[in-house]
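Let us take a walk through this fold together, from its sheet to its cores and its charged pairs. Keep the viewer open as you read.

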Amino acid sequence: MDKTMKITGKGKVSVKPDIIRLNMTMEESYKEYEVTLRQSSETTKILKELFVSLGFKNDDLKTRSFDINTKYESYKAKDQSWKKRLIGYTYTHHMLIEFDADNKKLGEILYTLAHSVITPEISIEYTVSDPEKHKDKLLKNAIEDSKHKAEVLANAADVKLGDIVSIDYSWGEVSFVSEPIQNFAFASAEKTTARAGYDIDIEADDIDVTDTVTVIWNIK
């Protein structure tokens, strides 16, 4: 029976974010389905025009998900039983837009949103433009770490390291995202078309990511 050694290697990468991802959610309720659908389209149109005015293309604003759900309320019937009745519809539209990490551009966008006729709920993420390149490096580092550990252990045990028998990797999702700005809320502001911007002085920290690979080696 062949002798083997099972080693888990840990890969690490530290990446400077170069992309800002602005996540936006609009949610509104209306009594009629057609009105709800029409208002959601109108809101999306306003947002697209807003971003075009800031130098983006019309299709840069992406939809992550869109739903229209029924809205009910409870009421007491004449027989004193509790029932539900339809009172309207609620649309929820999750959108995102990405651009090069530029605090000045971010400040202009946030200011314009705060002073527009609509104010979506937002969250701000910093990420990387080429995650696949960094994932490849992460896996390479994990394999190299596994090999280094195997060589050290083989030397200490006075055995020779042979060929690789198998490699086990979970293929789990690796996320290159950081959120240095959390719980951002718009202050009350007068609506205006004037062009200005908030002074955003944020230096996003490097994104540290780890992953593991388990390798089984023959030993002699």
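The report below covers the sheet, a hairpin, the nonpolar cores and the salt bridges of what is a predicted model.

## The three-stranded sheet

A good place to begin is the open sheet, whose three strands come in the order 1-8-6 with antiparallel pairing. Its edges are strand 1 (3-15) and strand 6 (161-168), each of which pairs on one side only. On average, neighbouring strands here are turned by 35° against each other, direction ignored. Helix 3 (residues 131-156) packs on this sheet and touches strand 1, strand 6 and strand 8. The direction of helix 3 makes about 140° with that of strand 1.

Now look at the pairing in more detail. Strand 6 and strand 8 (residues 207-219) run antiparallel and are joined by five bridges. To find your way along this pair, try Leu161, which stands opposite Ile219 in strand 8. As a reminder, strands of a sheet pair through backbone hydrogen bonds, either parallel or antiparallel.

## The hairpin of strands 3 and 4

Elsewhere in the chain, strand 3 (residues 62-76) runs antiparallel to strand 4, and 14 bridges join the two. Within this pairing, Lys71 stands opposite Gly88 in strand 4. The two strands make a hairpin, with five residues between strand 3 and strand 4. If you check the backbone of the turn, you will find Gln80 with a positive phi of about 75°.

## Two nonpolar cores

In soluble globular proteins, nonpolar side chains tend to be buried together. In this model, the largest nonpolar core has 25 residues. Those with the most contacts inside this core are Leu22, Met24, Leu47, Phe51, Leu106, Ile109 and Ile124. Two or more residues of the core come from each of strand 2 (19-30), helix 1 (33-53), strand 4 (82-100), helix 2 (103-114) and strand 5 (121-127).

Ile109 is a handy residue to centre your view on. Setting aside neighbours within four places in sequence, Ile109 is in contact with Leu22, Phe51, Leu54, Phe56 and Phe99. Apart from this core lies another, of 18 residues, which include Met5, Val13, Val174 and Val209.

## Salt bridges

The model has six salt bridges. In one of them, the side chains of Arg21 and Glu98 meet at 2.7 Å, N to O. This pair links distant parts of the chain, with Arg21 in strand 2 and Glu98 in strand 4, 77 residues apart. Are the two partners buried or exposed? Arg21 counts as buried because its relative accessible area is 14%, while Glu98 is partly exposed at 39%. Salt bridges that share partners also bring in Glu125, so that Arg21, Glu98 and Glu125 form one network.

Another pair, Glu173 and Lys135, has its closest N and O atoms 3.8 Å apart. Here too, distant parts of the chain are linked: Glu173 lies in the loop between strand 6 and strand 7 (177-178), Lys135 lies in helix 3, and 38 residues separate them. Glu173 is exposed, with a relative accessible area of 69%.

A third example stays inside one element. Lys149 forms a salt bridge with Asp145, the closest N and O atoms being 3.1 Å apart. Both residues belong to helix 3, where Lys149 and Asp145 are four residues apart, about one turn of the helix. Lys149 counts as partly exposed, at 33% relative accessibility.

Definitions and conventions. Residues are numbered from 1 along each chain as its sequence is written. This is a predicted model: local features need pLDDT of at least 70, side-chain atom pairs count only at pLDDT 80 or more; totals for chains, interfaces and linings use all residues. Side-chain values use heavy atoms; hydrogens and water are left out. Two strands pair if DSSP finds at least two bridges between them. Axes are lines fitted to C-alpha atoms, for helices over the stretch in contact, and angles run from 0 to 180 degrees between N-to-C directions. Contact means heavy atoms within 4.5 Å. A nonpolar core is a set of buried Ala, Val, Leu, Ile, Met, Phe, Trp, Tyr and Cys residues joined through side-chain atoms within 4.5 Å. Buried means under 20% relative accessible area, exposed over 50%, partly exposed in between (1.4 Å probe, protein chains only). A salt bridge is a side-chain nitrogen of Lys or Arg within 4 Å of a carboxyl oxygen of Asp or Glu.
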